[in-house]
Amino acid sequence: MSNETAEPTTTSTDSGEEAMISFSGVDKIYGTDATEETVTALQDIDLDVDAGEFVSVVGPSGCGKTTLLHLAAGILEPTDGTVTIDGIDVQGAEHDRSEVGLVFQQPVALEWRTVKKNLLLPVQILKQNGAIDESMDYYRERADELLELVGLEGFEDAYPNELSGGMQQRVTISQALIYDPSVLLMDEPFGSLDAMTKDELNLELLRIWDETEKTVLFITHDLNEAVFLSDRVIVLSPRPGRVADEIEIDLPRPRTGETRSRDRFVELSTEVHQHFKHQR
Amino acid sequence: MATKSHAHRRFVRTRHWVTSRVPTVIAGVVFLVLWQLTAMVIDNNRIFAYPEYTWRQVSERSDTVFIRIVETFSSIAVAFVLAVIVGVLLGVVIAEVYTLRQMAMPIVIFTYAIPHPILAPVFIIWFIVNPGAEIVLFSFTGPSAYLLDSVTAADAAQSFAIDGVTTFGAWVGFFPVFLSTITGMNALEERFEQLGTVLGATRWQMVRYFRFWRALPNIASSIKATVQLSIIGVIVAEFIASSEGIGYQIVLAWKGADLGYMFGVLLIIMMGSYLFYQTVVWLLKVLTPPGTIE
Amino acid sequence: MIADTLRKLGDRVDGRGGVRLGTERAKRWSLSLLGLVLFLGGWEAVTRGFGLNPQYYPGPTDVYRELSRIWEPILTVLPNTLEAAGVGFVVALVLSIAVAIPLVASDRLGNALMPFVIGVNTVPRIAVTPLVIYWVGFDIGPFDSVGLAAANYVMAVWVAFFPMLIAAIDGFRSIDETTENMLIVYGARTWQEFRYVRLQRALPFIFDGMKTGFILAMIGTVVGEFVSGTPGIGAMASSVIRRTAVGRAIAIVLVLGLISTAVVFLIYLVESRVVHWRESSIVGEG
Ligand SMILES: Nc1ncnc2c1ncn2[C@@H]1O[C@H](COP(=O)(O)OP(=O)(O)O)[C@@H](O)[C@H]1O
Ligand SMILES: [Mg+2]
């Protein structure tokens with residue numbers, strides 16, 4: 001169980017420049033209530049993600065990936081340590097909600113709203129709370145652009161129940177993009193899709209990322225997917241989740257379907273897989 | 001070491017149980033205090049009885065109250081058991097026979113929507129004009145004869161019987177079990193149907209080995225509603241149409257403008273119903289496979 | 001639970017005999033009609049065949065005859081009953097939603113009051129009818145102008161309120177974890193949670209609560225009238241019963257049942273319009 005073989009790797013940016021997403025000394029323990037048994041989901045997490053970087057986190061199921069992401073999103077509070085976005089503690093009052101977009105594991109479209117109205121929901125809430133300034137018309141136009149970007153033009157007035165799983169997941173992605181957050185947190189967004197749709201959406205995601213220059217923290221349990229998408233892959237060890245290793249992915253961009261057949265891809269993929277087996 | 005942690009876990013569980021009961025106790029105390037305060041503000045036992053006055057009025061007639069409560073809850077028990085048995089049996093039949101289900105649907109919806117108390121007197125009348133229909137299942141001398149000196153064995157003679165009150169209680173309580181049996185039986189997953197076909201199971205075997213068990217969680221959770229409704233049915237029948245049980249005591253108190261007694265009787269009905277309900281829910285949890293009831 | 005069943009009752013659930021939808025519906029309707037005819041026919045046959053006394057064991061034709069006889073008086077008192085039940089129902093509905101919102105919005109308030117709400121919901125609330133009539137009989141406070149009939153309004157609210165409250169609370173609470181997390185990410189305030197998610201999620205529950213709620217409001221009113229004797233269908237039933245005219249009693253039950261069924265059906269129609277994203281059912285949670 002203990003994890004002494006792999007030295008915890010501290011990742012920090014070279015110079016004094018602040019990282020976009022930063023975990024420092026983060027522990028997360030569930031069930032501190034006296035009657036329950038406690039679960040240490042994450043321990044000693046130090047992790048920095050630079051602006052514009054695409055970082056994936058991989059690890060076996062139950063190792064704390066979702067927990068990590070929810071900590072970054074401010075949904076969970078760390079038991080110890082701090083999580084900052086753009087230098088600001090996500091638990092603090094100054095945390096800017098419009099800076100962070102979260103793409104959930106399951107679609108979150110509300111079934112009584114049309115696709116377009118679902119896209120505009122975060123905008124309505126953020127605007128009412130004074131977190132964004134642009135006019136509603138601006139966002140309506142943006143919604144149309146986004147729907148086109150993710151290939152859902154013509155489905156503005158459809159209801160979520162009328163869409164396939166893949167299409168719903170596109171809605172969820174655009175929902176996180178509509179208010180143009182600089183950070184995108186994604187929790188196994190394609191986990192429930194079939195392989196073909198997944199490959200297609202992977203390419204689309206990279207295109208969007210390329211166009212919008214966002215910082216992405218991407219959770220997956222698919223190692224090949226992580227290698228294909230990322231600049232860097234972080235490997236979490238199981239229970240308690242710690243950073244076991246990180247692997248720089250030096251594949252050239254833009255990446256295409258052809259990238260997967262490169263020798264370097266196979267090498268890197270093998271490296272990640274190797275490491276993974278070593279963990280068990 | 002192992003025993004220690006086991007003991008510790010039991011300690012934690014006991015403590016958890018105790019703390020979870022704290023709100024109920026607090027609610028009881030708050031209720032009593034509010035009652036006393038309101039009574040002090042109104043300060044008129046004919047408009048709002050003091051707790052102390054209520055206690056006095058009830059304890060004066062404690063023997064009657066005791067006998068009547070046992071009578072009422074015997075009826076409720078019969079009504080409840082009857083409702084469950086008839087509900088499940090009829091449910092199984094209706095669920096199995098598609099044609100019958102279609103034919104029964106409008107009648108079921110209609111009878112469900114009837115404000116049922118109006119029917120209570122009709123049930124009572126049927127048993128009055130046709131005395132032979134009453135079935136005494138089991139006669140006994142009520143506990144009051146042993147516990148109170150003033151009560152003779154003859155006074156406390158009681159029985160579990162199928163009569164106007166209990167059939168009406170069963171009628172009111174019957175619907176949830178009946179409907180949930182149908183839902184549950186029909187919710188059997190396709191793969192079990194296919195398994196049954198592969199094994200060449202007869203219709204009766206399908207019911208016996210698959211459908212009934214699939215319906216059990218539905219039935220168990222609907223039994224909660226059935227308990228409540230059986231209680232309501234019996235008490236309504238008592239106070240609307242008969243001169244039996246604790247329900248009729250409300251009417252007596254009302255006619256005698258005896259507010260203390262009325263408060264007391266109502267309180268006893270409420271507490272008795274609550275306890276009866278909790279007991280049945282607890283029994284269900286013990287008797288059904290784990291996880292059947294949340 | 002009951003909602004589910006009645007949805008299923010209308011479906012061909014067991015997969016025996018695949019028929020296309022149009023014929024399927026026609027078949028269903030004709031079966032229902034056949035069921036009704038068989039039921040009435042069987043009832044009539046039993047009462048006739050055994051030569052039962054129609055005063056105690058009336059057949060459908062006896063009931064029909066009684067109904068046509070008391071039709072006029074029913075029409076004169078019906079407005080009283082319907083008004084009390086209707087007003088009581090609406091008051092209970094508005095109250096149940098108004099009370100449910102703070103109970104769901106504040107965990108503390110909810111935890112403190114839920115045991116009380118559930119407790120009151122499990123006891124036979126109808127039993128306090130004589131007490132309410134007794135109090136209203138004092139002619140104090142707001143009841144002065146309406147007199148004893150006020151008790152019927154109070155009973156309707158008192159009986160219908162708690163199940164509707166619990167339905168509304170269950171509804172407002174029926175939000176899944178993912179949606180809740182989404183709202184946290186957007187920094188939604190409590191009122192925004194209700195405005196954008198909880199209200200819509202609660203609607204099917206509230207509608208189901210309304211269906212039982214109306215039946216319960218009718219029960220409260222009718223029992224109130226039955227006991228107090230204020231003009232209304234309940235009082236009429238009471239006097240009919242005292243003369244052991246079972247046929248008339250059943251005629252009255254028939255009228256009340258038809259009214260309740262009609263209102264429940266109306267609520268269902270409104271529901272299937274409003275809650276367009278979800279299939280509705282005729283009878284709500286029991
Ligand atoms: N709300 C919770 N309460 C208690 N334990 C939890 C909770 N959420 C997650 N866990 C536990 O924390 C660990 C990490 O969970 P999670 O972050 O969901 O893992 P992953 O997303 O990698 O599958 C698991 O062992 C899980 O059982
Ligand atoms: Mg996860």
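Student: What makes the area between chain C and chain A count as buried?

Tutor: Buried area is the accessible area (1.4 Å probe) that two parts lose on being put together, summed over both. Chain C and chain A bury about 2,100 Å² between them, with 62% from carbon and sulfur atoms. V185(C), Y186(C) and Y196(C) supply 36% of what chain C buries against chain A, more than any other three residues. This is a predicted model: local features need pLDDT of at least 70, side-chain atom pairs count only at pLDDT 80 or more, and totals for chains, interfaces and linings use all residues. Residues are numbered from 1 along each chain as its sequence is written, chains are lettered from A in the order in which they are written, and side-chain values use heavy atoms, without hydrogens and water.

Student: Why is the pair E111(A) and R201(C) called a salt bridge?

Tutor: The term needs a side-chain nitrogen of Lys or Arg within 4 Å of a carboxyl oxygen of Asp or Glu. The side chains of E111(A) and R201(C) meet at 3.0 Å, N to O. That is within 4 Å, so the pair qualifies. The rule finds one salt bridge across the interface of chain C and chain A.

Student: How many salt bridges join domain 1 and domain 2 of chain C?

Tutor: The count is zero. The domains are 1-52 and 55-274, with bounds from an automatic or database domain assignment.

Student: What makes residues of these two domains count as in contact?

Tutor: Contact means heavy atoms within 4.5 Å. Seven residues of domain 1 of chain C meet that rule with eight residues of domain 2 of chain C.
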